[in-house]
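These are my notebook entries on one protein model, written while I had its sequence and coordinates open. I began with a cysteine and worked outward from there.

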Amino acid sequence: MKEKDHRVDDYFKCYGDVTFQNICLFVDYHTAEDICQETFLRLSENLDHVNARMVKAWLLVVSERLAKDYLKKGGKYSTRVGLNLDEIDLEDLSSDVENMVEELEESRKKGKILKRLKIEKPEWYDVLLMKYLEDMSDRRIGRRLGIKESLVGQWRRRARVWLRDRYSREYGKGDS
């Protein structure tokens, strides 16, 4: 294999789950599998042009765009599921499906709150993205936004408290 292929494999191991979960916010499970595969194929085609520190953010943006394109076009991908029911333990499958549905619902709730933060406090939202998706230091974020490094830390802390508070008020849970 080429070195390029190994990097894509490594990125899939690191970011495959989060990319897939991101896609599941928009489409069903089986379509999400196809879109996830397409996302990583596109990464392999563009690997030389994507900054290694930005791969996660790139994957999330591209996967979201592919999912939204799928929804707009009414189903570019066709998914065929052929399972032999005799080989499946239906009790395990049932609990797996329940867990997936719960996780999907939880992701949707968190996404909804995060979108509200983006609208109400866009500066805080940008700081969170730069810190946690782009893995930037407070100093670098401050330079990019033209603010003091200490203000970056304050905005990040306030954003996390805001998110926790909104989630708690909206869904009655404090553990987000």
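Is Cys-14 buried or exposed? I looked up its relative accessible area, which is 57%, so Cys-14 counts as exposed. I keep in mind throughout that this is a predicted model.

**Entry: cysteines**

I searched the whole structure for disulfides and found 0. I then turned to Cys-36, which takes part in no disulfide, the nearest cysteine sulfur being that of Cys-24 at 8.7 Å. A disulfide needs sulfur atoms within 2.5 Å. Cys-36 has a relative accessibility of 5% and therefore counts as buried, whereas Cys-14 is exposed at 57%.

**Entry: overall layout**

I noted 7 helices and 0 strands in the protein, and reading along the sequence gives the pattern α-α-α-α-α-α-α. The protein has 176 residues, of which 29% count as buried. I also looked at contacts between residues at least 6 apart in sequence, and 65% of these join residues that are at least 24 apart.

**Entry: the nonpolar cores**

Which residues touch the most other members of the largest nonpolar core? Within this core of 19 residues, I found them to be Ile-23, Val-27, Ile-35 and Leu-43. The elements contributing two or more residues to this core are H1, helix H2 (29-46) and helix H3 (55-73), and H3 supplies the largest share, with 6 residues. I recorded a second, separate core of 15 residues, whose members include Val-127, Leu-128, Trp-155 and Ala-159. As background, nonpolar side chains in soluble globular proteins tend to be buried together.

I then listed the neighbours of Ile-23, leaving aside residues up to four places away in sequence, and they are Ala-32, Ile-35, Cys-36, Thr-39, Ser-63 and Ala-67. The buried cysteine of my earlier entry, Cys-36, is thus one of the residues that Ile-23 touches.

**Entry: aromatic pairs**

The structure holds 4 aromatic pairs, and I wrote up two of them. Tyr-11 and Tyr-15 form a stacked pair, with 6.3 Å from centre to centre and 20° between the planes. Both tyrosines lie in helix H1 (residues 3-24), 4 residues apart, which is about one turn of the helix. As a general point, an α-helix has 3.6 residues a turn, so residues three or four places apart point the same way. Tyr-11 is buried, with a relative accessible area of 14%, while Tyr-15 is partly exposed at 21%.

Tyr-167 and Tyr-171 also form an aromatic pair, and this one is tilted, at 5.2 Å centre to centre and with 50° between the planes. These two tyrosines are 4 residues apart in helix H7 (residues 149-171), so about one helical turn separates them. Tyr-167 is buried, with a relative accessible area of 2%, whereas Tyr-171 is partly exposed at 22%.

**Entry: helix H5 and what follows**

I checked the length of helix H5 (residues 122-133), whose 12 residues should span 16 Å at 1.5 Å a residue, and the end C-alpha atoms are indeed 16 Å apart, so the two values agree. The buried residues I noted in H5 include Trp-124, Tyr-125, Val-127, Leu-128 and Met-130; Val-127 and Leu-128 are also among the members of the second core. Lys-121 lies over the face of Trp-124, at 4.9 Å from the ring centre.

What is the phi of Asp-135? I read a value near 55°, which is positive in a residue other than glycine. In general, most residues other than glycine have a negative phi. Asp-135 follows H5 and sits in the loop between H5 and helix H6 (138-145). Its relative accessibility is 63%, and Asp-135 therefore counts as exposed.

**Entry: a second aspartate**

Asp-138 is found in helix H6. I looked up its relative accessible area, which is 15%, and because buried means under 20%, Asp-138 is classed as buried. Not counting residues up to four places away in sequence, Asp-138 touches Lys-131, Glu-149, Val-152, Gly-153 and Arg-156. I set this beside Asp-135, which is exposed at 63%.

Conventions. Residues are numbered from 1 along each chain as its sequence is written. This is a predicted model: local features need pLDDT of at least 70, side-chain atom pairs count only at pLDDT 80 or more; totals for chains, interfaces and linings use all residues. Side-chain values use heavy atoms; hydrogens and water are left out. Rings of Phe, Tyr and Trp (its six-membered ring) pair if their centres lie within 6.5 Å; planes under 30 degrees apart count as stacked, over 60 as edge-to-face and the rest as tilted. Buried means under 20% relative accessible area, exposed over 50%, partly exposed in between (1.4 Å probe, protein chains only). A charge sits over a ring if NZ of Lys or CZ of Arg is within 6 Å of the ring centre and within 35 degrees of the ring normal. The expected span of a helix is 1.5 Å times one less than its number of residues. A nonpolar core is a set of buried Ala, Val, Leu, Ile, Met, Phe, Trp, Tyr and Cys residues joined through side-chain atoms within 4.5 Å. Contact means heavy atoms within 4.5 Å.
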